[in-house]
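Please walk through the structure shown below with a few of its local features in mind. The paragraphs that follow take them one region at a time.

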Amino acid sequence: MTAERFLEAANGIARAISSVIDGKPEAVDSALISLLAEGHLLIEDVPGVGKTQLARALAASIAASVRRIQFTPDLLPSDVTGVSVFDPVSREFEFKSGAVFANVVIADEINRSSPKTQSALLEAMEEAQVTVDGRTHRLPRPFLVVATQNPLEMEGTYALPEAQRDRFMMRISMGYPDAEAEALMLRQRDTANPLDALAAVVDVETVAALIAWARAVHVAPVVEQYAVALAQATRRHPDLRLGASPRATIQLVRAAKVRAALDGRDYVIPDDLMALLTPVFAHRLIPTRAAAAHRGEADAIPAILERIVHAVRVPLATAR
């Protein structure tokens with residue numbers, strides 16, 4: 001893997017996704033960063049804006065195993081992880097793998113299943129393995145969970161607990177397309193779905209090489225200290241009753257490495273951390289009641305993070 005090959009392959013994935021998702025380059029970049037940083041992506045937005053399409057386009061751009069799980073109230077944990085079945089011939093229990101055994105797992109409407117079923121993903125998302133009947137089974141690598149949820153229809157849903165949200169590297173919203181992109185969608189999708197014509201541009205081995213290349217991006221000690229300072233500022237902020245976890249700090253730096261590599265650099269700069277702070281930190285933070293009542297939780301947390309960015313001193317010496 002070289003820098004030129006990295007950019008060629010990564011841009012190929014981005015172009016493939018963009019052929020399906022019109023006018024949303026930020027969402028495409030976030031999906032690509034989550035993949036190459038070995039994180040997981042939570043897409044939260046209103047119905048009909050392309051959440052599932054983005055997840056399917058990302059999966060289709062890679063020649064890898066893909067499973068889609070439609071989360072419903074009657075979905076069982078064993079449907080996700082798998083179950084041991086007794087074989088009368090061998091007189092032994094045989095493990096039948098569940099839908100989570102894939103390189104890319106699309107968890108559609110994840111908040112429509114019970115907390116018991118949601119928790120079946122906890123071990124898989126953190127350790128890339130599942131434990132059934134005392135036996136541990138490794139998941140294929142790379143492993144990526146792309147989950148979607150609708151924040152408006154709360155009846156009959158189960159909000160993700162803090163431990164589950166903390167497993168996701170990034171949370172993004174698609175937003176409505178602009179007029180030009182929406183008109184283009186009307187013309188292109190009247191007779192055919194562009195997802196049907198999307199072909200894989202890289203294989204699993206190439207994705208693994210891209211991940212390894214991004215992991216090797218240099219992070220200077222002062223930049224590491226800046227990332228820690230941003231996380232600690234959330235824990236001390238008077239308007240937050242839950243700050244960013246150490247896992248959030250690690251994932252912020254990992255995502256920043258990928259962003260630097262996508263920008264053609266082999267080192268991380270503070271701007272990488274600033275650009276990713278909201279999508280990586282926002283869904284992990286809980287504002288105080290006073291802060292949420294003043295601006296609403298959706299608006300309070302981005303405003304708090306913006307104030308933190310302005311308050312924490314930016315390191316000047318970022319060279320090796």
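In this predicted model, the side chain of His-237 reaches the backbone nitrogen of Asp-239 at a distance of 3.1 Å. His-237 sits in the loop between α10 and β12 (240–242), and it counts as buried because its relative accessibility is 14%, under the 20% limit. Leaving aside residues up to four places away in sequence, His-237 touches Ile-304, Arg-307 and Ile-308.

Two of the residues just named also meet each other: the side chains of Arg-307 and Asp-239 form a salt bridge, with N to O at 3.1 Å. Arg-307 belongs to helix α14 (residues 297–311) and Asp-239 to the loop between α10 and β12, so the pair ties together parts that are 68 residues apart in sequence. Arg-307 is partly exposed, with a relative accessible area of 40%, and Asp-239 is also partly exposed, at 26% relative accessibility.

The structure holds 14 salt bridges. Another of them joins Glu-38 to Arg-215, the closest N and O atoms being 3.1 Å apart. Glu-38 lies in the loop between α2 and β1 (41–44) and Arg-215 in helix α9, so this pair ties together parts that are 177 residues apart in sequence. Glu-38 counts as partly exposed at 25% relative accessibility, and Arg-215 is partly exposed with a relative accessible area of 34%. Arg-112 and Glu-109 meet in a salt bridge at 3.8 Å, N to O. Here Arg-112 counts as partly exposed at 22% relative accessibility, whereas Glu-109 is buried, with a relative accessible area of 17%. Salt bridges also link Glu-126, Asp-166, Arg-247 and Arg-284 in a network.

Arg-247 falls within helix α11 (residues 246–262). At 1.5 Å a residue, the 17 residues of α11 should span 24 Å, and the end C-alpha atoms are 25 Å apart, which agrees. The buried residues of α11 include Ala-248, Leu-252, Val-253, Ala-256 and Ala-260, along with the polar or charged Thr-249, Gln-251 and Lys-257. What do the buried residues of α11 pack against? Their partners are α1 (3–18), α2 (25–36), α9 (204–215), α10 (221–236) and α12 (270–281). After α11 comes Gly-264, with a positive phi near 85°.

Positive phi values also occur at residues other than glycine. Ala-128 has a positive phi of about 55° and is placed in the loop between α6 (122–127) and β7 (129–132). Asp-133 likewise has a positive phi of about 55°, and lies in the loop between β7 and β8. Are these two residues buried or exposed? Ala-128 counts as buried because its relative accessibility is 6%, while Asp-133 counts as exposed because its value is 63%.

The backbone has a further feature beyond β8. The peptide bond from Arg-141 to Pro-142 is cis, with omega near -5°, and Pro-142 is found in the loop between β8 (135–138) and β9 (144–149).

Strand β9 contains Leu-144, which is buried, with a relative accessible area of 2%. Not counting residues up to four places away in sequence, Leu-144 touches Ser-34, Leu-35, Gly-39, His-40, Leu-41, Leu-58, Asn-103, Val-104 and Val-105. Leu-144 and Leu-230 are 86 residues apart in sequence, and their C-alpha atoms are 26 Å apart in space.

Conventions
Residues are numbered from 1 along each chain as its sequence is written. This is a predicted model: local features need pLDDT of at least 70, side-chain atom pairs count only at pLDDT 80 or more; totals for chains, interfaces and linings use all residues. Side-chain values use heavy atoms; hydrogens and water are left out. Helices (H or I, at least four residues) and strands (E, at least two) are DSSP runs, numbered from the N terminus. The expected span of a helix is 1.5 Å times one less than its number of residues. Buried means under 20% relative accessible area, exposed over 50%, partly exposed in between (1.4 Å probe, protein chains only). Contact means heavy atoms within 4.5 Å. A polar contact is a pair of N or O atoms within 3.5 Å; within protein, one must be able to donate a hydrogen and the other to accept it, and residues adjacent in sequence count only if both atoms are side-chain atoms. A salt bridge is a side-chain nitrogen of Lys or Arg within 4 Å of a carboxyl oxygen of Asp or Glu.
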